[in-house]
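Student: I am new to this structure and would like to look closely at a single part of it. Could you take one helix and walk me through its surroundings?

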Amino acid sequence: MQKKIKLMWADANSVLWELTTEKEVSHKIPVLSETLKTRIDVWKGQYKKIYKIWLDHDQNGGLFDFKSQLNSDGTISCRDIEKELGDVRCYYWFDIDRSQDDKKEFIWLQCPLCNSQLLKTGLNNINRAICEHCRLVFP
Ligand SMILES: [Zn+2]
């Protein structure tokens, strides 16, 4: 079976995680091109900056907008990771703003990009469903 990983920022060293075990996977591996590693690092820094602005000032800066530059850059990197690694599936982790009370219990059923019904993974609550077509993973 193909290994499944995800790109998700979590204020940790890594931004790549095994989908089934939640173990960190380093993106600083020789197989990936320097260009892609740099792009992932830039995305990581940008995500952290925007996340902090959201925490401190309650302005989401594209964090929860699927079509924002931040999330587009992430999904593009994910696709390139797949291309360069060859034998993995790489999903981009995405969620809504759960700080709002009416959205705390929200469960993703449809893909926000292609509107397809999501596949249940049977994994933990942070990787509850995926869209294979768009390579997205949702809590
Ligand atoms: Zn989709």
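Tutor: What follows is a look at helix α2 and the parts around it. The model is a predicted one, and its secondary structure comes to two helices and seven strands, which follow one another along the sequence in the pattern β-β-β-α-α-β-β-β-β. The radius of gyration is 15 Å, close to the 14 Å that the globule rule gives for 139 residues, so the protein is as compact as a globular protein of that length.

Helix α2 takes in residues 69–85, 17 residues in total, and its span from the first C-alpha to the last is 24 Å, close to the 24 Å expected at 1.5 Å a residue. Four of its residues, G74, S77, C78 and I81, are buried, and they lie on the same side of α2, because the arc they cover around the axis is only 105 degrees. On the face turned away from that buried side, α2 carries the exposed residues R79 and K83. Just after the helix comes G86, which takes a positive phi of about 80 degrees.

What do the buried residues of α2 pack against? Their partners are β1, α1 (34–57) and β4. Two of these partners are themselves joined, since strand β1 (residues 3–7) and strand β4 (residues 88–93) run parallel and are linked by five bridges, with I5 standing opposite C90 in β4. Strand β1 also pairs with strand β2 (residues 16–18), in the antiparallel sense and over three bridges, and there L7 has L16 as its bridge partner.

L7 is a good residue with which to tie these parts together. Leaving aside its neighbours within four places in sequence, L7 is in contact with G74, S77 and C78, and also with V15, L16, C90, Y92 and W93; of these, G74, S77 and C78 are among the buried residues of α2. L7 belongs as well to the largest nonpolar core, which has 25 residues, and is one of those that touch the most other members, along with Y91, Y92, W93, I130, L136 and V137. The elements that give two or more residues to this core include α2 itself, together with β1, β2, α1, β4, β6 (129–131) and β7 (136–138), and the largest share, four residues, comes from β4. In soluble globular proteins, nonpolar side chains tend to be buried together.

How values were computed. Residues are numbered from 1 along each chain as its sequence is written. This is a predicted model: local features need pLDDT of at least 70, side-chain atom pairs count only at pLDDT 80 or more; totals for chains, interfaces and linings use all residues. Two strands pair if DSSP finds at least two bridges between them. The expected span of a helix is 1.5 Å times one less than its number of residues. A residue is buried if 20 or more other C-beta atoms lie within 10 Å of its own, exposed if 12 or fewer, and partly exposed in between; C-beta atoms are placed from the backbone. The arc is that of the directions from the helix axis to the C-beta atoms. Two residues are in contact if their C-beta atoms, placed from the backbone, lie within 7 Å. A nonpolar core is a set of buried Ala, Val, Leu, Ile, Met, Phe, Trp, Tyr and Cys residues joined through C-beta atoms within 7 Å. The radius of gyration is taken over C-alpha atoms; the globule rule is 2.2 Å times the number of residues to the power 0.38.
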